[in-house]
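Let's take a walk through a protein together, one piece at a time. Have the structure open and turn it as you read.

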Amino acid sequence: MFGNDWDELLVSELEKDYYKDLTEFLDTEYSQHIIYPKRNDIFNSLKFTPYRDVNVVIFGQDPYHGENQAHGLAFSVQPNVAIPPSLLNIYKEISNELGCYIPNNGCLTKWARQGVLLLNSLLTVRADTPGSHQNKGWEQFTDRICTLLSARRQPIVFLLWGANARQKAPLIDQTRHFILEAPHPSPLSASRGFFGCGHLAETNNILKALNRKPIDWQIENI
C-alpha cells in the first residue's frame, strides 16, 4: 500500500473496525463530492518518507481544500499552484534563519525525500469545506503513526506548530525525541511567535549533533 516499511507497521491498523468504517466513508465521499487530495495521493507523506528514514516530523491540520492544491504532504501544494499564506510564512522564516531565497512554488517533495515527514492530522477534506472529515477516523490513524514514531530508538525532531499539532505532544516520548513548539504559521498567528522561532536552524543543529545530515530547506525555483 505504501511501498516501504510503513506497510508492515500499519498492516494491523488497516484491519481495525474504525479504519474499515473510514474506508467506507471515503468511498461515499469520493463518489458524491469533490475530495482533496486525489485518492491515490492520500498517503504520499508515508510513501515519500519511509519510517526508517524519518528525521523530522512537521504536523499539519487537514489538506488544503482548494482546487489542485493538496497532494498528500502537509503544507505542500502541487507545482504551478500559488503558494498558500502559511507556507509563505514558513519560507519567510527559513529565509530569515538560514538566508534561503523564497522560491516560486510550494512543492515540498524535496523535504519529504530527505526524511521530513509532512503529516496532516486529517488526510482528506471536502472541497471548500475545511475540517469536513474530522472525527471520521483519521485522527486515530495519525495518532497511531505518531505513536510508532515515538517508539523508534533513533531520535526524531517533531515540529509542533499551532494548537492542533500540539495535541500530538502527549504521544511523543520526550526523553528520546526533540519537540519544538510554536504558534501556527498562519497569517492569523505567525506574528505571535512563529516568526523568530528559529526551529529550522535548530532542527539542523540537532541533526548535526546526532551525526546526521542536516535538511536542505531550500526549495528550488521551477
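Before we start, one term: a residue is called buried when its relative accessible area is under 20%, and exposed when that area is over 50%, with partly exposed lying in between. Please also keep in mind that this model is predicted.

Find strand 3, which covers residues 116–120. Are its residues buried or exposed? Of its 5 residues, 5 are buried, so the strand is mostly covered. Now look at where the side chains go. In a regular strand the side chains alternate between the two faces of the sheet. Here Val116, Leu118 and Asn120 point one way from strand 3, while Leu117 and Leu119 point the other way, and all of them are buried.

Next, step sideways to the neighbour. Strand 2 (residues 56–60) runs parallel to strand 3, and 5 bridges join the two. You can pick out partners across the pair: Val57 stands opposite Leu117, and Phe59 has Leu119 as its bridge partner. As background, strands of a sheet pair through backbone hydrogen bonds, either parallel or antiparallel.

Zoom out, and these two strands turn out to belong to an open sheet of 4 strands, with the order 3-2-5-6 and parallel pairing. Which strands form the edges? They are strand 3 and strand 6, each of which pairs on one side only. On average, neighbouring strands of this sheet are turned by 20° against each other, ignoring direction.

Helices pack on this sheet too. Helix 6 (residues 138–150) touches strand 2, strand 3 and strand 5 (157–161), and its direction makes about 155° with that of strand 3. Helix 8 touches strand 2, strand 5 and strand 6, and its direction makes about 165° with that of strand 5.

Helix 8 (residues 199–209) has another partner, helix 4 (residues 85–98): their axes come within 8 Å and cross at roughly 60°. The two helices are therefore oblique to each other. At the contact, Glu93, Ile94, Glu97 and Leu98 of helix 4 meet His199, Leu200 and Ala201 of helix 8. These contact residues divide into 4 nonpolar, 1 polar and 2 charged.

Finally, let's look at charged side chains. How many salt bridges does the whole structure contain? A search finds 11. In one of them, the side chains of Glu29 and Arg126 meet, with 2.8 Å from N to O. This pair links distant parts of the chain, since Glu29 sits in helix 2 (residues 17–32) and Arg126 in strand 4 (residues 125–126), 97 residues apart. Glu29 is buried, with a relative accessible area of 5%, whereas Arg126 is partly exposed at 28%.

Another salt bridge joins Lys110 and Glu220, whose closest N and O atoms are 2.7 Å apart. Lys110 lies in helix 5 (residues 109–113) and Glu220 in the segment after helix 8, so this pair also links distant parts of the chain, 110 residues apart. Lys110 is partly exposed, with a relative accessible area of 21%, and Glu220 counts as partly exposed at 40%.

A third example is Glu181 with Arg166, where the closest N and O atoms are 3.1 Å apart. Glu181 lies in strand 6 (residues 178–182) and Arg166 in helix 7 (residues 163–166), so the pair ties together parts that are 15 residues apart in sequence. To finish, look for Asp5, Arg52 and Asp53, which are linked in a network of salt bridges.

Conventions
Residues are numbered from 1 along each chain as its sequence is written. This is a predicted model: local features need pLDDT of at least 70, side-chain atom pairs count only at pLDDT 80 or more; totals for chains, interfaces and linings use all residues. Side-chain values use heavy atoms; hydrogens and water are left out. Buried means under 20% relative accessible area, exposed over 50%, partly exposed in between (1.4 Å probe, protein chains only). Two strands pair if DSSP finds at least two bridges between them. Axes are lines fitted to C-alpha atoms, for helices over the stretch in contact, and angles run from 0 to 180 degrees between N-to-C directions. Angles under 35 degrees count as roughly parallel, over 145 as roughly antiparallel, 65 to 115 as roughly perpendicular and the rest as oblique. Contact means heavy atoms within 4.5 Å. Ala, Val, Leu, Ile, Met, Phe, Trp, Tyr, Cys and Pro count as nonpolar, Asp, Glu, Lys and Arg as charged, and the others, Gly among them, as polar. A salt bridge is a side-chain nitrogen of Lys or Arg within 4 Å of a carboxyl oxygen of Asp or Glu.
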